[in-house]
Each structure stands twice: as structure tokens, then as C-alpha cells.
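Work through the following exercises with the structure open beside you. Try each task on your own before you read the solution that follows it.

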Amino acid sequence: MKESLYSKGYRSIKKQLYHVRNYLAVFLVFVGGLQGYAQTQISGVVKEENGDFLPGVNILEKGTLNGAISDIDGSYSITVGESAVLIFSFIGYGSKEIVVGNQSEINVELSPDMTSLSEVIVVGYGEQRKETLTGSVANVSGDDLVKSPAANVTSSLAGRLPGLTVNQRSGEPGRDDPNILIRGSGTFGNNSPLIIIDGVPRSQIGRLNPEDIESISVLKDASAAIYGARAANGVILVTTKAGQKGKPVFNFTINQSFLQPTKILDMLDASEFAQVYNEGAWYRAGRPETNWTPPFSQEAIQRYADGSDPVRYPNTDWVKEAVKPYSTQQRINLSARGGSDDVNYFLSFGTVSQNGNLVNDPTEYRQYNMRVNVNVNLTENLTVGANLSALLNNQNFGSVATDEESWVNFKNIYQANPTLIAQYPNGLYGPGRLGENPLLMDQRGYFNRESSPMFSSFTASYQVPFLEGLKIDASYNYDINNQVQRRWRTPYFFHEFNTVTEEYERRQGTGVSAPELSQTNTKWTTKLYNIRLNYSRTIDKHYFAALLGTEQQENYENWVHAFRRNFVSSAIDQIDAGSSDTNDMNTGGSTRISGYNNYFGRLNYDYDGKYLLEFLFRYDGSQKFPKESRYGFFPGVSAGWRLSEEPFMADLDFVNQLKIRGSYGKIGNDFVAAYQHLQAFTFGNNYYFGGNVSPGVNPGVLPNRNITWETSEKVDIGLEGVLWQGGLGFEFVVFNEQRSDILARRNVSVSNVYGYPGLPDENIGRVRNRGFELILNRKRSLGEFNYNIAGNVAFARSEIQFMDEVPNDIADKNLTGRPVGAGLYYQADGIFNTQEELDSYPHISNAQVGDVRIVDRNNDGQINGDDQFRFNYTATPEYVFGLNFDLAYKNFDLNLFFQGQTNVYNYDERYPDLGTAAFDNATVERATDRWTVDNPNGTKPRADGVEPGANTMWLFDATFVRLKNVEFGYSLPDHLISRIGFSDARFYVSGSNVLTWSKEIKWADPEASGGFLYYPQLRTMNVGLNVKF
Amino acid sequence: MKKSIIYLFILAVLAGCSDDILDVQPQDRVSEEAVWGDENLIRAYHTSLYNGVLHGFKIHMLSKATDEAFNAINFDIGIIPTGALRADNVTSLSDTHWTGGGGLYYWNTGYQYIRRINIFLEKMADPTIVVSEKEKLVAEAKFLRAYIHFLLLERFGGVPIVTESYELGADQSFSRNSIDECFEFIETELNEAIPDLEKRYAASDANFGRATQDAAQALLSRALLYAASPLFNESGDQGKWQRAADAAEVLLNAGYSLHEDYTTLFNQPTGTANNEMIFVRPFSSSPGGFHSAPMDNLNRRYGAYGGWWASNGPSQNLVDDYDMINGEPVFIYPNGVKTINPASGYDPQNPYVNRDPRFDATVIYDGATYRGDKFEMWVAPDGESWGFDSYRQSGDNPRSNYVLRKFMPDEGTPLSWQQPYTNPWIIFRLGEIYLNYAEAKFELGDEETCREYLSKIRARVNMPPIPSTVTGEELRQRLYNERRIELAFEEHRYWDVRRWKIAETVENQPIFGMDIIRNPSTGEKTYSRIQLLSRIFEEKMYWLPIEQNEILRNQGIQQNPGYE
């Protein structure tokens, strides 16, 4: 079987390469002809004003991505095209542009210049220079993201953006979107940040082609106020690449990756399982001394162990049977970027294909990304542009589990009883756990989701000629997404050995008895347009900028669902082929429309680049709320003082940049269900008098006529600077966020005797969220050795100040004062090792020796709900950190990126299961040192243990440090590649989730949330090639 | 020129801005005004009230909380047999839990439906709302309100009687009414409803499943029987038995008769003619309208789940209580010791022959034939072979070595997870009324009538009548046992052992299964009882606790004793 796997992998690589060839051919034809420039070799030396050599200077051919870096002695060489212009730049120095003409040696002197520290950062509806930025905005460039071979871009963000918590809870191809939080959890409602891609709230950020991304910014403080009512959880702004003036640069990348789970659980083998199950059965029966037949006899346990009868007494390692040693993933990208004075363009095409990690499983993921971004200067003052992208994506899974249930697959692997056979020695497949043998998944149909979102933005920018500094920008965006989701289930069969007849009986599996198809077609559209007036002016030392805009957004969603069963055959998987009996079909469908209307603006003022002021606002309207409370005003102010510009700092040469800044803003959150102010009824809750359908109607939640925005007030103070020309860069930010009017339901305080059909959200909660972020970096060159180290740590802790609580409850159980998401647990204190211990301490009535000892916290002599307490940590880490090393020596480069988290706990509700159900296997970790009659000093509870509820015995510290990414590259020397017309060629090997050090959770991946039954995170090992020409 | 075009364009765009786009009506729901203004929607609202009626075809059938089945799990409904029931875990028995929780923790759903009914009744009091047969709809709603209060009463004892709907933000202090007040309320409601209800719908009628006069009378019979029982009748008021007898008597000659076949009584689709059923929860084969009881409860042979976690396998305790075909109980209890009744002819090494035919109709056992398949639950002494239905073959074959047969379809109905099963959940049937009557009469000292009605029940399956020599306590035991056998798995046992106040004895007995060892060469089988579960029943468990948090938010509501 192994062989077939490998050959399958080989075939798919070959197939992939064939595709690559085709794509290349098409692309080359498409852009051919544009090539054909003469090449000249330039060399020289770069010095400082005082004559010192300057190593590490960036030399770039203007309008291209062609570049070089100066050596320890300041020398460089670069091959450039005709009529090239070279740009020399180095952090802390003024850059210089030099026309090459017919020179072949160019020596340059650079002088220190503070303004050249300038890095442009994307903010809401604009860009700002980093040094005059007054808000808390984290940012990462696309170049850093492409270093990760992970298929999902968002998972590469972990640790890269200080203040962003990224937790990937599943590695399943196509279902691997991580949870993203900005500065932890500020509300117990929806904590999702607003994601804006190229100016429009858009989904599928994880599916972007990383090669298309220019930068990602995260607005963490009042700077998000310009996005008003949806921005309280922070805003992630993704900007894709645009054209660049210059000859076309083609960039081709191919990556081949091999993936395997980061951690595979070690489950009990058959004899251990049988032993543990026997113990459980014996405890259940009341530990009878006589007249007891264990479910598995001693001989049976022996036979499981010795493997003498693999048919009757198999010992199945389900993980080994069902999980492939590795799976594969390919990514191929080709892009072209260039432009003239009037037109510039960025064109890109990318593809990802990834197959699943399970044997005989239809899981497969395919994605194609296309992007065209063109800007045209129509007249001297008018520029128009279009940014069109499409994402074709095809997710295929086994038919058994829906998105929410994908853990089921792992229940049938991890928890499958090892005494059940997976495959008989003669090759026939056994039933597996409850007839759900994972090796039969390929016989059971599929669950397929195909979506083809198209994102379009059309922009116009008009420089008003008669008023200097006034610009009008407008954009119209239309996104459309069609998704077809199909669940096709087919009957499947397995064999079961009959010990009496000694025959292998063919049996139908538990799934469907005849094929059935369930199909849902959904269409979404988003129309968004805005118009913005921009004005900026510098008068003497006063700089003014103003932005005023209006924006409207309209969303539409429509879905239709069709279902038929009892297909005559599985040959045709189309609705029409199903049975036309009315009892065999079902349909459904509905429409949702939503809209936003708003006005926003920003005013900037700075004096001499020293004193910085900013005011921004949004007046936002949402159809989710009643007319009276529909609009909200969300302002933000911020200020900065650049100490480094002051004369008194002039003597401190080593200080290149130093800034204190602060901000305050009020932002809204409306991520709740719409129309909660109306009492409405939905169809459903039918009844069946006489066996026929009588339609019913169901009351929706009670109306809350006063529902309105949740608001967040954010205060943020930061200190940032650059010392020793980049020898040390730092940024330290503290923040305090106050959420109020949090939309929550009074579910726990309102008596059920009222019988309300469901309570609406009300603006009742308050949460305070505080924390800090620290970023340090160091950039240096030692001869041909360059390095850049950047580290960041972010801390955020929320505290519920008011939440709907069970009235009159004991204080320890209250949410107030605890972080958002804090769970309720009993406190465990070891186990009852002896009968005396059990007898002398309060316990639940069915507790036995060997059970968890629960602390009687209120000392009332009994264990019940009053002994619970609210735990101070959650599965959302309080500390997240990242540490990045970029090292380069000659043509070699190495990137190491570590990422981790602490102050985080995970409650594993699956872990305690041991010997209770005949078909739930347990981990070796759990069974080791369990209490038994023969091991009375055991530290872990007995098999079939009982507990009053979730307790700290199974709450584990999820602290970890990961080597998240590593990349080692080698660039071919210029003289080799220039001959074949390449400007750059680089080979690299890389990996993600390469190594993990976990503090306590050593049996599973520590990034889990909840039980271990889920598709594990994947380790990716990758080889790649990048060519520019 | 160019410029002016651009300005025009900008103006046009600006003019397009308006907040009209925020005035969007929801497309996926109906407004409240629409509902009460449209007769069809009013009827739809009324129809949905019936979903307050529970049925037992859930993943966790209530039998798992009784000595009818061996329930191997220690969570969810397993907290009852293991005695772990507390006020902070009782919600795992909620009827809205995915397992159905045996429908035990019905507090929340019950009051939700009571509120819906109250709203309906308040709206119908408005004379401007015109609906045809308004009185009948109102009467049906009143029946449902009474029934729901009864469901709450049997679970919790006296509960708050709620007859009006409250708006959000209402500040009502609820307190528990007494048991007597609750019974009185139920009786009054039913008596008010009866005149406006339809007398009866035949089982094949399109309206079957609606509340009728007979359904109301049957509820009255059960409620008054419970009211007279020791748990509810602490003062031992004999007059209550008389009222129970009277209520049952009304239905004895109301045109119903015992269905001739004890098997097909339970496993025919909704709509099949049947003269025994009085009130049922109907099902339909349309999507969402059916249940999966056969797949939930049969065993691995059919790819079914044995009651999920194999936890609805009938217990040896139940099997032991089926009489021999000669009418004699298998076991007698001289001085409380379980001893084989020599008169019964029971052979412990051939235990399944000559038993009450209801045994075959309720339980699949080793050697039984169901749908033409011979079930085999044995294991060979050397462990080299085992019957296909033994626990050694699969964890979904119940360890007790018995599988539920009652409700399970006969040949002709496919067995699969896709098959829509629509046999109705019987709530009231004539058989129960006979037993109610027999019990009330017994308690009133009319032993002859008691024996007569027990014998009528037994006659359906050709069991000999209860001889007139059986009297007093012995007759009480036969009466109790008849109810256990006749109504097995129909959600009676749980309530009966409580209202008789015998649960402290019965529910503290361990659950047994049967080990069957078969010698493969001789084919000879040996049977031995095996203790599978030690059970704990504490006195407090006569009532369910109210969820701890519900007590905290209702200072006026007292927790049931023992759960504080």
C-alpha cells in the first residue's frame, strides 16, 4: 500500500509539472515581445560623507526589482538595462538617484538624512509616513509572508504582527483558516477584526496569493475609528501589489512541499485497551469479587498482544493505517510587473494544490488566483485604475463530515478501538469503529465546495488643477461570489469476519443505503462605492492634510438548497437523477440584504515634522438597527511629538528617531444578528397530524427596540525610536480599551419560567482590555554578512466589568473580573488513592477510589456546582511573541522565525475518556500511571472515572515556542544568470511549524483549542525556486 | 469639456448617496402583525404548539434511566442509574440536548410552550381575530397547556402555574404551586376544554394526533391516578383513587378496543388503522418528520447503535419479570429473596422458552428470530468464535445480550439510516387505561375488577387470567408487574416506580445481563447472570432537581429537597 502512495505522489508531481509548463507557455506568449533590452554591468564603491565605506547599501535599478547590496568595502556591482537610473539607499541616509548613461563605474557618497527613514504605511483610506504616524499600526510586507510555505496566508501572520493573535486550530486543507484576534478579546460578543482588502471589506484573506500582497497593516487603536461601527475589534488592511514604472519584471516561483501532522497522538494498543476497558466494566458493575466475567479474558488480552491471530485478535494502529506518512502541496506563481509614464501594471497568476493527509480519503484542495492591477494616467490630472482579481477554489472533503463536524474523521481514527480490524490480511476492509472505517472514505462520496469569487475595484483620482493640493478619489467596487456546495453520499460496503462460518461477510455501511445529494448554491454580491476629497498643503513649516469621504455598501446574499435521495445509481451525481418521490426531496432558500451608509474624514496637522496631530471620524449607519439608533459617530484623535527633531536632541548623534505618541478613539462594533428590534416569525416547527405535514411558524427572539452599537474607547500611548542608524529600533506601546454597551443576551439572569422564545442582544456588557506591545529590532552588516533581528512581544488581558450573571451566585463563579472566555471548573486535587481518603473527604455520590478528588471549595461537606470557580486564563493566549532572524552572507540567506504564546490554557475534554465506551480509545499518556487496584499510588484517575464536570485535572498549560518558519536560500551569482537572461535566480528550502517546544501538552499539538479530535496542524517542508527575468 | 464631464460624473455619484439602502425589510421571516392577521398563519402558529408534546424516540430513551435497560454510560442520562444526579448537571437531561435526555429536563421547553399557548389564548380572546373553529383551537391549546403542566408536575412536583405571557423586562416573582393546586389546574383546564374538543379522530384520520375529548379524558385518567399515588398523595386520601377510577371508567366503553397484535400495535406507520390508540405523537415520512428509533436501538447486525453506546439493551432484570406462558411468575420472593418459582417450570439453562409472548415482542434474545435473522449472542469458551450479535463482535451489541424489539419494524420495512420511520409515539392507549382502572380499583379494595382488567390485558397475548387466589400484596405485585411488562419502554416505568414509592428498593438493585457460553462442538449453551451495573437511588431522586441557576434567579422557587 505504501508503494502505491508514493507512486501516487510521484504521478501528481508529474502532472503538476505538466500544468506548470502549460501555464508558462500561455504566460510567455501573453507577455512575450515586451522583452529585449541591452544589459550593462556597472560597479563602484559607496562611501559615507566622511569617507568611510558603507556596506549594506541597497542599489536598485529604478522602476524594476533588479537590485544589489554593497559589500563590506562599500563595493557593488549590478547589471542594468539601457538608460537605467540607479537608486542608492540605506537606512538613515538620504538616497541618491544617478542616471547611468554610458558610465560603467559609479562611486557614490551618501549623507545621513533623517527623513529618509521614511517608510510608508497603509492606513484607513490612505498612506502615511511611519515617522509622522501617530496611531498604533503594525505592518508586515508581502516579502516576509512569502517566506512561509503554508498554503493559508493568515497562518503565516502568527507572530509577524505585534498585537495580532493568530491561532490555527486545524490543519485540514481548505478548512485551515486560523482564528485572528487583535489585542486579544475585547468583548464577549464577536471578536473578529474587520478585514479590508484593497479598500473593501472582503472575505477569504487566507486564500490570497501571498505573492500578490504588497503589505498588511493592522490598525489597533484609534486609527481604526475611520472604519467606525465595524472597527472596534481592529482592522486588518491588505494591499495588493500595483504596477511599477520600468521595464517588465517577471517573477516565477515554484514550490513543492511535503506535509505531515506536527504531532500524532499515541493511542493505546489493543491489549492495553482491552485491559483498560476491563477495568472500567468491573468498576461499573460495582467491583464484584466473584461471578465476574471481564469483557476481555486474560487469554484474549494475551492474543491481542502477541499478534498470533490478526483476524480474531487484531491489534490495529489506526493512526498508522489512516494517516499518510506525508502529503504534498504545490504552489506555482508567475507575475509581471512594470509600466511606462502613463500606464503601469501588475499581472499575476498563482495556483495551489494540496492533498489530504488521510489514506483513501477524497480530501483535496485546489486554488487558482488571478490578478490584474492596471493604472492609467488618462490626462495630466486624471488617473484611473482597475484591480481585478479572481479566486477559483475547490475544496473537496470526505462526505461524512460537514465543516462543523470535521472532527468526526478523527474520532474514527484516534478513538477507533484498536481491537477492531482496519484491513484483513486478505485485503478486505473491516467495519472499523461503528462501521465508520476511515479507510472506506473514498467509497462514500464527497463533500465539495467550489467557489469563484471575483473582486473588482475601479478607481479614479483627479488632481484638481486650479486648487493646489486638492485631489478627488473615487472608487467603485463590485464583488461577486458564487458558491456551489455539494454533499454526495453513496452507499459503501465493508467485510466482517464471521467467527462461526469463518466467512468474510459483505455488509453495507451505516451511511446511506442509496445515493443522495444535497446541494446548496449561494450567491453573494457586495457593491461598495466611495468618493473622497483629499487636500494637503505645506505652508512654511505647517503641514495640513484633510480627507473627507462618503461610502455606501450594499450586500446581497441568496441561497437555494436542493436535496434528493434514493438515486437509482451512483453513476450520476446530479439532482435530476434522484428519486422524484416527494418524500425523497426537499428544497429551501432565502435572501439576505444588508447595507451601510457613512461619512468619514481625517485631518492632519504637523509643525515642522515635530508636533503631529490627527483627528479622524466616521459617521456610520447600519441597517441592522432600528431607524432611531441606526447612526453613530465614531471619532479618534491622536498626537505625536518627535523629540529627535528638537534642537536639544541634536547633540545625541546616536538618536536617529524618537517619538512619543498617543491616541484616543471611540469605535463601534455591530457584529450581531440584524433585525433584533423586530418581533418576527420564521417558518418551521411543523407538526404531522395523521402523518401529513402541517406547517408551523416559530417565534424569533423577543424584540429589543433599543438595540444599538457596541462601543469601544481606546487609549494608546507609544514610544518609538531608531538608534545607531538601525543598530536598535524599538517601539513600546501600552493600551487600554474600554468596551461598553456590549451586545449580549440576558440568558443567565432571566428565569426560564417566563418561557421567552429566545432573548435578543442587549447593550449590557462592559469589558476592559489592557496590554502592551514591545518591538525591538537590529539591523547590521558585517562585511558580506548582513543580519536583521526583529523581536516582538504582545500582551493583552481582558477583564469583564459587567456581564449578565446568574444572580445571587457565589462570587468565585462570576464572570466579572475575569478575562473574556474564562471557563467554569471544579478544582482538582489529585485523586482518591485509598478508600480512607474517599471516605474522609466530600465527593459526588458515585465517586469511587481512583476518581479525581474535587476540592470542596465552599466547605459545605458536599461537592456540587457551588464548588466551581472561574479560571483566570483561557485558550486565547495573553502573551504572544515572535522572533525573526534574517541572515545573509554572499549569495546565501537564512530566515528563522520563532513564534509562541504563554498565559494560555486548554481544556481537553476528550483526554479523560478511558475505558467507558467500548469504542472510544484513549491516549497512552492518559492511561499511564492511572489508578488501579494494583497501582494504588497512581497519579491519574481510574478507568471509567466519574467527575462532577470540567475540572482542572484536564486543564493544561498551552505555552509553546515554535520554529514557525525557516528558509534557507541560495541566489545564483549574477554572472551565471545574466547569461541566460535572468536577473535573479534563487533556490531555497523552507519549512513551517518545523519544531515545537511545548511546556505541558506534549502528546498533542499545543495550539489546539478543546479536545484532541481535530485535523492536526501540519508541518510543511518545502523546496522552491524563484526566478526573475 | 472634459472637465465638465468629470464634474458631472462626480455630482452624479454624490447624488446617488442616500440612506435608503438602510431601509431593508428582512426577506427570511414574517412580521408579528402578519401572523395574527392571517388565518393560515394563525393555524400554523397553533399547529406548532403541538411540538410541546414530547415523544420517546430520542437517542436517549427514558428506559435508560430505569431498570428496563442496561445503560453503560456514566454521562448524560447515565447520571440517573449511577445516582450522580445533581442540580448542576440536570440540564444534561434536557429534551433539547442532542441526545434528547430522555425528555427529562423539560422545564425550559415546557415553559416556552406554555408562553406560546398563553399568547395564543390571549390573542384569541380578541373578538376581532376571526378564525374558523376558533373554540376548538382554543380548547386544543388548553389541553396542551394542561398536558405540559402535567409533564412538569410529574418531574418536579408542584411547579409555578403560568397562565399569562410576559413581555421582556417583566419583573415577576414566580413561586411553586402545591401539587394539589397543579392537579386541580390540570383538571379544570381539561374540563373546560372537553366540551369544545372533537370527540375522537380515528387513527387513520388526517387529524389524528390532535387533542380530542378522549385524549383529554385519558390525560385526566393518568393525572388522577398519579394524584392518588403515594408520592403525590401524602395524606393517603382514598377519595382520590375513586376519582381516578371514575376518570378511567369513562374510556372503558368509549369505542376503543385492544389491538389484537401486541407487536404491530407499536410498529406500524402513522396513519395505520388502530382502535387502541387514544393520543399519539404522529410522524411523517417527509423530511424532518420522522424518527430513527430502529437504527438507534437495534444492534450492529443492522448497522444500528444498540441504543447509542449500546445503552438501551434490555436488562436481565426486565427479562426475569416476564411470566411463564402458564401464567406463573418466574421468580418469587419468599422473605425478600429472589427464588425461582417451582410452579413456573422455568429452566435457568433454557431461559427463553415458554415465556409470556410479550417477551418475544419486546426483546430480541439469543436464539430469537427477527426479520428471518437468528440472533446469536454467545461466546465460545476458548474465545475463538462468538455469535454475530455478541458483545465480542462489536461494542454496539448490548452487553446484556438483549436487544430492543418493541417498536422495531417487521420485514418489508427497510432498515437503514435513510429510512423514514413513522410509527407514532403512543401517549395514551386503551391498555394503559385498563391498567389505570385496575390499579385504582385495587386500591379501592375491588380486587375482582382489578383482576378482571389485568386479565383482559393478558388475554390479548393469550396469557392465562390472574387467578382469583391472587389477592392482597400478591395481587399488588402482579398489578405492578403487569404494568411493567405491558408498558415496557413506553416511558411508564420511570414514573411508576416513583409514584408507587418503590424506587428506593427497585432502583437500588444492580442491573444484570446474561452471559451465554456455547460449546462449539456440542452446541450446548450455559447461561449465567452477570452483574453489569451497580445502581444508586437516593430518596431525593423521586423528584428531579430544578437547575441550580434557575433557583438562583428565582428566589421564590424552592429547590426540591436533597438538591440544595
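**Exercise 1.** Decide whether Asp323(B) is buried or exposed, and then find the residue whose side chain meets that of Asp323(B) in a salt bridge.

*Solution.* Begin with the accessibility, bearing in mind that this is a predicted model. Residues count as buried when their relative accessible area is under 20%. Asp323(B) has a relative accessibility of 5%, and therefore it counts as buried. Next, look for the partner: the side chain of Asp323(B) meets that of Arg478(B) in a salt bridge, with 3.7 Å from N to O. Because Arg478(B) lies in helix α15 (residues 472-486) of chain B, while Asp323(B) lies in the loop between α11 (316-320) and β5 (331-332) of chain B, the pair ties together parts that are 155 residues apart in sequence. Apply the accessibility step to the partner as well: Arg478(B), at 9% relative accessibility, also counts as buried. Finally, widen the view, and you will find that Asp323(B) and Arg478(B) belong to a network of salt bridges, whose members include Asp356(B), Arg358(B), Lys406(B) and Glu482(B).

**Exercise 2.** Examine the salt bridge between Glu710(A) and Arg739(A), and state which elements of chain A it links.

*Solution.* The closest N and O atoms of Glu710(A) and Arg739(A) are 2.9 Å apart. Glu710(A) is in strand β35 (residues 710-723) of chain A and Arg739(A) is in strand β36 (residues 728-744) of chain A, so that the pair, 29 residues apart, links distant parts of the chain. As for burial, Glu710(A) has a relative accessible area of 2% and is therefore buried, and Arg739(A) counts as buried because its relative accessibility is 1%. To set this pair in context, note that the structure holds 107 salt bridges over all chains.

**Exercise 3.** Describe how chain B and chain A meet, starting from the residues in contact and ending with the salt bridge between the chains.

*Solution.* First take the contacts, in which 116 residues of chain B touch 119 residues of chain A. Then take the area: about 9400 Å² is buried between the two chains, and carbon and sulfur atoms give 56% of it. On the side of chain B, Leu22(B), Leu168(B) and Gln418(B) lose the most area to chain A, together 8% of what that side buries. Turning to the polar side of the interface, the rule finds 42 residue pairs in polar contact between the chains. The elements of chain B that give two or more residues to the side touching chain A include α1 (2-16), α4 (107-124) and β13 (525-533), and α1(B) gives the most, with eight residues. Sorted by class, that side of chain B has 50 nonpolar, 37 polar and 29 charged residues. The count of salt bridges between the two chains is one, and in that bridge the side chains of Glu384(B) and Arg303(A) meet, at 2.1 Å from N to O.

**Exercise 4.** Which residues touch the most other members of the largest nonpolar core, and which helix gives the most to this core?

*Solution.* The core has 259 residues, and among these Leu93(B), Phe120(B) and Phe143(B) touch the most other members. Helix α5 (residues 134-156) of chain B gives the most to the core, with 13 residues. To follow one of the named residues further, leave aside residues up to four places away in sequence, and you will find that Leu93(B) touches, among others, Ile77(B), Leu85(B), Tyr105(B) and Leu544(B).

Notes:
Residues are numbered from 1 along each chain as its sequence is written. Chains are lettered from A and ligands numbered from 1 in the order in which they are written. This is a predicted model: local features need pLDDT of at least 70, side-chain atom pairs count only at pLDDT 80 or more; totals for chains, interfaces and linings use all residues. Side-chain values use heavy atoms; hydrogens and water are left out. A nonpolar core is a set of buried Ala, Val, Leu, Ile, Met, Phe, Trp, Tyr and Cys residues joined through side-chain atoms within 4.5 Å. Buried means under 20% relative accessible area, exposed over 50%, partly exposed in between (1.4 Å probe, protein chains only). Helices (H or I, at least four residues) and strands (E, at least two) are DSSP runs, numbered from the N terminus. Contact means heavy atoms within 4.5 Å. Buried area is the accessible area (1.4 Å probe) that two parts lose on being put together, summed over both. A salt bridge is a side-chain nitrogen of Lys or Arg within 4 Å of a carboxyl oxygen of Asp or Glu. A polar contact is a pair of N or O atoms within 3.5 Å; within protein, one must be able to donate a hydrogen and the other to accept it, and residues adjacent in sequence count only if both atoms are side-chain atoms. Ala, Val, Leu, Ile, Met, Phe, Trp, Tyr, Cys and Pro count as nonpolar, Asp, Glu, Lys and Arg as charged, and the others, Gly among them, as polar.
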